[in-house]
Amino acid sequence: MEPGRFLMNPAASPCSGRPRGPSEEEAYREALAFLGRCRRWGMKLGLEKMELLARAVGSPQDGLHFLHIAGTNGKGSTASFLASALRSAGYRVGLYTSPHLCTVRERIQIDGAIASQSQFTRWIRRVQVAIRNLEQTQPGFAPTFFEVLTAAALLAFRQEEVDWVVWETGLGGRLDATNIVRPEACVITTIALEHTRHLGCSLSEIAQEKAGILKPGVPAVIGVCPGEARQAIEERALQVGSPLREIGAMAVEPGGEEGPCQRVRIEGQRLVLGLLGHHQLHNAACAYAVLRLPLFSGRALPQKSIRAGFRAVSWPGRFQVWKRNPLWILDGAHNPQAAEALVHAWRTGFGQRPYHLVFGVLADKDFRAMAGILSRQACRVSLVKLSAERGLDPGRLAGCFPALPCEAYGSWEEARRELAKVPGPVLVTGSLFLIGEVLAGHGGFDPDLESNERIEPSHAHSHGSF
């Protein structure tokens, strides 16, 4: 099949009577529809299909320089620190993260800008052509949604000739689709219990899976991890010959808040971070440790570039000050570890001031533990049913807040109308799905068209909020 015929609309032009191609918007919607079909193919961990697909699109990963990031929480924020600092140093930077909040195009960014509809459609077209060609020699070849997007990202970064790719894993590490690359450095941010069906039932087993991104001779940085998890990573690093640095051995001192930023000293260097929350100090330290490796023309990244990049960094949905009058904070904390970090960040910024909690969560999360943590400083709770098919019925959540007045809403749109009357402060959390719905309503995106749930498997990747 020739590339020019991919996703073509058979409708005829009213003037010429000849077949015409779809408009940009139509082509984009057809690309999203294709991704939606990939969702039905499910999630299958392993590298064989990803390697085949990458070869079929020309092995675009060859010649690119990757910084590969795994971990339970903190991947996205660490990636954003790295990308921002590299851009400040004058490098052209590709950033691949997941999931998205409002549009799938957020996952592929070039120099801080999300992919346009036309760019995204073009990359997906190339991947679909490759899939159809592979089906001729590999009957039944059916890559997953995440594999298709990963191939599209590789194409994007090669075509845009980026200098560096900040490359976030989807699920785990060892068998994750992103693990077909050979990086210049690796980062493992944090380890907590997650995806036990796929990664193992202990911290040690999960750490082993995430440490699968480590490569011989490639330096790695690990964040603050529990003892058994740290030991598993150290053993893997020793086994493959990966030089390892732990940020627990670094001097990291908080310096207080500075308006919408916070100050920190890392190894004696005074820095201002564009992201709030004590947990961001650890994410910044992970990024800092990587940036001080002699990877950039044989040298560490200049301190002035790190300072400028860390201050300018932005990462929506992570302790995001969405409104100031009244105060609204959005944070996609979706597990107990992230909820603890969120409450700590609130107390650091706002002391003992209580919040009106807006809480929506997926049914497969540890929502009872999260509710117990978040209720500590809540004065009232609004429970929201997510539009995602895995969204937990608010009726099941009400009992998790026995000492607090609760209201339940069947959708964010229903809750939004009532919450507009709340004097604040308001804390919205529980899932990045919920944060995406809140932001999409104000950004011109169609949440029905672009929601994670509609184009990803129901048991797909879940990611840390910080």
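Biologist: Where along the chain is P226 found?

Modeller: P226 is found in the loop between β7 and α8, where helices (H or I, at least four residues) and strands (E, at least two) are DSSP runs, numbered from the N terminus. This is a predicted model, in which local features need pLDDT of at least 70 and side-chain atom pairs count only at pLDDT 80 or more, while totals for chains, interfaces and linings use all residues. Residues are numbered from 1 along each chain as its sequence is written, and side-chain values use heavy atoms, with hydrogens and water left out.

Biologist: Is P226 buried or exposed, and which residues does P226 touch?

Modeller: Buried means under 20% relative accessible area, exposed over 50%, and partly exposed in between (1.4 Å probe, protein chains only); P226, with a relative accessible area of 29%, is therefore partly exposed. Leaving aside residues up to four places away in sequence, P226 touches I191 and L203, contact being heavy atoms within 4.5 Å. L203 lies 23 residues from P226 along the chain, yet their C-alpha atoms are separated by 7.9 Å.

Biologist: How should I read a sheet, and what is the strand order in the open sheet of eight strands?

Modeller: Strands of a sheet pair through backbone hydrogen bonds, either parallel or antiparallel. Here, two strands count as paired if DSSP finds at least two bridges between them, and the open sheet of eight strands follows the order β4-β3-β2-β5-β1-β6-β7-β8, with mixed pairing. Its edge strands are β4 (113–114) and β8 (244–246), each of which pairs on one side only. Strand β3 (residues 108–110) runs antiparallel to β4 and is joined to β4 by two bridges, with Q109 standing opposite I114 in β4.

Biologist: Which strands does helix α8 touch?

Modeller: Helix α8 (residues 227–240) packs on the sheet and touches β6 (185–188), β7 (220–222) and β8, with its direction at about 160° to that of β8; axes are lines fitted to C-alpha atoms, for helices over the stretch in contact, and angles run from 0 to 180 degrees between N-to-C directions.

Biologist: Which residues of β17 are buried, and on which side is each?

Modeller: Both faces of strand β17 (residues 426–429) are covered, since V426 and V428 on one side and L427 and T429 on the other are all buried. Strand β13 (residues 327–330) runs parallel to β17, joined by three bridges, and L330 stands opposite V428. Strand β14 (residues 355–359) also pairs with β17 in the parallel sense, over four bridges, and there L357 has L427 as its bridge partner.
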